[in-house]
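Let's take a walk through a protein fold together. Have a look at the sequence and the model below, and then we'll go through the strands, the helices and a few odd spots in the backbone.

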Amino acid sequence: MQRLPILAARIARRYYRTYGRLPRLLRPRLYSEKIQHRKLFDRRPYLTTTSDKFAMRDYASRILGEDLAPEILFRTGDPRTIPFASLPSRFVVKATHGSGWQRIVTDRDALDTRGLIAECERWLRSDYSHKGDEWFYAEIQPQIIVEELLDDGTGRPPRDVKLFVFNQRVHIVQIDSDRFRRHRRAFFDVDWNRLPIHDRKEELEGPVEPPSRLGDIIACAEALAHETDFVRIDCYQVGSRIVLGEMTHCPGTGLMQFYPANWDARLGAIWDGRLE
């Protein structure tokens, strides 16, 4: 574990580069400051367990009474053992101890298996916690998992449904569409009113239909958030099936700016319970 003053200095420096001001690390009020405070002071093993893309499955199954995560086809600490020949034509390969470390395979027969194995080995050698000072990733056992590939019925990935849960209540639903081609995003409240908020992603314009099982998705997210004051729960709806993606405790490592800027204070107030 790094010494606290050194870690605090690095967190403050990275925050300053993004926002042009130093964060209040001891008494945070803004949403972005609270994320930095969590990275610095929140040392619960819960953060490690639920950030681990394999261990999170058991945790969620105990809470929800069923396994909503994508089907695991294979799990290993040595990517050379992945049985490519017996896998379906389409699948996803990802590391359990980071974010964004994944490869989508849409044609197994055209796959460069040696290249993918080498990429997996790089993931296993890497410590994701250095990227955004999220210490809990360093505590996760590095593994490679192969999962079923989800699609919306047309061959494209389903929309991401990301729920911001503050004090066991969903306040914001973020929808991400077509994230591997033309990634667009929109934000809604739980009554499906579009919120005047955006970030650096292109806005998803026009009418956006809510997931048909939005109420059930919200109930799952709020149940999974019962041990913490803030978490983002990432889900999908595939047909009528709800699929749990991951639990994210420091979205964008707290350095993804919302616009208008007053949303940083608004979300901080919701987190504190000062604003409903």
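How many of the seven residues of β5 are buried? Seven of the seven are, so β5 is largely enclosed by the rest of the structure. Here "buried" means under 20% relative accessible area, "exposed" means over 50%, and "partly exposed" is in between, with a 1.4 Å probe and protein chains only.

Before going further, a word on what you're looking at: this is a predicted model, where local features need pLDDT of at least 70, side-chain atom pairs count only at pLDDT 80 or more, and totals for chains, interfaces and linings use all residues. Residues are numbered from 1 along each chain as its sequence is written, and side-chain values use heavy atoms, leaving out hydrogens and water.

**The six-stranded sheet**

Strands and helices here are DSSP runs numbered from the N terminus (strands: E, at least two residues; helices: H or I, at least four). Strands of a sheet pair through backbone hydrogen bonds, either parallel or antiparallel. Two strands count as paired if DSSP finds at least two bridges between them.

β5 belongs to an open sheet of six strands with mixed pairing, in the order β8-β7-β6-β5-β9-β10. At the edges stand β8 (202-203) and β10, each with a single partner strand, so one side of each has no neighbour in the sheet. Even so, β10 is mostly covered, with six of its eight residues buried.

Back to β5 (residues 160-166). Both of its faces are covered: Asp 160, Lys 162, Phe 164 and Phe 166 are buried on one side, and Val 161, Leu 163 and Val 165 on the other. β5 pairs with β6 (residues 169-177) in the antiparallel sense over seven bridges, and Leu 163 stands opposite Val 173 in β6. Val 165 has Val 170 as its bridge partner in β6, and stands opposite Val 231 in β9. The pairing of β5 with β9 is antiparallel too, over six bridges.

There are two hairpins to find. β5 and β6 form one with two residues between them. β9 and β10 form another, also with two residues between them; these strands pair antiparallel over seven bridges, and Ile 233 stands opposite Met 247 in β10.

**Helices against the sheet**

Helix α7 (residues 214-224) lies across β5, β6, β9 (230-238) and β10, at about 45 degrees to β5. That angle is taken between N-to-C directions, from 0 to 180 degrees, using axes fitted to C-alpha atoms, for helices over the stretch in contact. Contact means heavy atoms within 4.5 Å.

Then there's α8 (262-272). Its buried residues are Trp 263, Asp 264, Leu 267, Gly 268, Ala 269, Ile 270 and Trp 271. They pack against α1, α2 (31-41), β5, β6 and β9.

**Around β4**

β4 (144-148) is mostly covered as well: five of its five residues are buried. β1 (residues 72-76) pairs with β4 in the antiparallel sense over four bridges, with Ile 72 and Glu 147 as bridge partners. β2 (residues 91-95) also runs antiparallel to β4, joined by five bridges, and Phe 91 stands opposite Glu 148.

**Backbone oddities**

Most residues other than glycine have a negative phi, and most peptide bonds are trans. Here are some positive phi values from this model:

| Residue | Place | Phi |
|---|---|---|
| Asn 167 | turn between β5 and β6 | about 50 degrees |
| Gly 239 | turn between β9 and β10 | about 65 degrees |
| Gly 273 | just after α8 | about 85 degrees |

Asp 133 is not a glycine, yet its phi is positive, at about 60 degrees. Is Asp 133 buried or exposed? It is buried, with a relative accessible area of 4%. Thr 253, in the loop between β10 and α8, has a positive phi near 50 degrees and counts as buried at 14% relative accessibility. Pro 260 is found in the loop between β10 and α8, and a cis peptide bond joins Tyr 259 to Pro 260, with omega about -5 degrees.

**Out on the surface**

Pro 207, in the loop between β8 and α7, is exposed, with a relative accessible area of 82%. Leu 4 lies in helix α1 (residues 4-19) and is partly exposed at 40%.
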